[in-house]
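Student: Please take a close look at one part of this structure and what surrounds it. Go through it step by step.

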Amino acid sequence: MTLRNAVMATLLEGEASGYDLAKGFNASVANFWTATPQQLYRELDRMEREGLVTARVVRQERRPDKRLFSLTDTGHAALRAHLATPITRPTAIRDGLLVKVQCADITDPAPVQADLTAHMDWSRAKLTRYERLRERLLSGRTEEEYLAQADRVGPYLTLLRGIAFEEENLRWGELALRVLTARSSK
């Protein structure tokens, strides 16, 4: 998957400025794809040159003008083509924390425990954001009602995956901390 596909998936929600896309990435897509605002703006410029998105300028009085992006028919076709292309292999984990945990028992594990705690704090904060987004999406409905009534269920399903991912990070982090703490007290 590329940043381009993640941007097009986000634009399915409707027209958005680069700033709105960056915020949207943090609120919805960040549970499976991350990008800096600079990466987003560069990709939007490329996508506009290639005809995947169109931009219109909105004049603002006390702020710089902003460009609002929307998917073109070509962008929709590219996204459909992406959906039709099989993923050939599962995602691989590449995590610097796991490298540290892999060799934590060759020295004092305190720095690794501190990193684990920091990552768990990060996961808790993300879970809080994801739960707020979930509440907003459900808007007082049960999950079953939402899934039966919503125009699009993909954003909700990816949100559930992000929640499950962070919950598993916490579960594993607690286990790793217990084991490292028990081993260091011997």
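**Helix α8 and its cover**

Tutor: The cover over the buried residues of α8 includes α6 and α7. Keep in mind that this is a predicted model.

Start with α8 itself. This helix takes in residues 154-184, 31 residues. At 1.5 Å a residue, α8 should span 45 Å. Its end C-alpha atoms lie 44 Å apart, so the span agrees with the expected value.

Which residues of α8 are buried? They are Y156, L159, G162, I163, E166, L170, G173, A176, L177 and L180. Two glycines, G162 and G173, are among them. So is E166.

Now turn to α6, one part of that cover. It has 29 residues. Its first and last C-alpha atoms are 41 Å apart, close to the 42 Å expected at 1.5 Å a residue. The buried residues of α6 are V112, Q113, L116, M120, S123, K126, L127, Y130, L133 and L138. K126 is thus on the buried list of α6, as E166 is on that of α8.

How do the two helices pack? Two packed helices are described by the angle between their axes and the distance between the axes. The axes of α6 and α8 come within 9 Å and cross at roughly 155°. An angle over 145 degrees counts as roughly antiparallel, so α6 is roughly antiparallel to α8. Their crossing is left-handed. By class, the contact of α6 with α8 has 17 nonpolar, eight polar and seven charged residues.

Next, follow the chain out of α6. S139 comes after this helix, with a positive phi near 50°. S139 is not a glycine, yet its phi is positive. It sits in the loop between α6 (110-138) and α7 (143-149). Is S139 buried or exposed? Its relative accessible area is 54%, so S139 is exposed; the cut-off for exposed is over 50%. Just before it, L138 is on the buried list of α6. Past the loop comes α7, which also helps cover the buried residues of α8.

One residue elsewhere makes a useful contrast. N5 lies in helix α1, residues 3-11. Its relative accessibility is 10%, so N5 counts as buried. The cut-off for that is under 20%. With neighbours within four places in sequence set aside, N5 is in contact with L79 and H82.

Key
Residues numbered from 1 in each chain as written. Predicted model: local features only at pLDDT ≥ 70, side-chain atom pairs only at ≥ 80, totals over all residues. Heavy atoms only, no water. Helix = DSSP H or I, 4+ residues; strand = E, 2+ residues; numbered from the N terminus. Buried < 20%, exposed > 50% of the residue type's maximum accessible area, 1.4 Å probe, protein only. Contact = heavy atoms within 4.5 Å. Expected span 1.5 Å × (residues − 1). Axes fitted to C-alpha atoms, helices over the stretch in contact; angles between N-to-C directions. Parallel < 35°, antiparallel > 145°, perpendicular 65-115°, else oblique. Left-handed = near helix turned anticlockwise from the far one by under 90°. Nonpolar A, V, L, I, M, F, W, Y, C, P; charged D, E, K, R; others polar.
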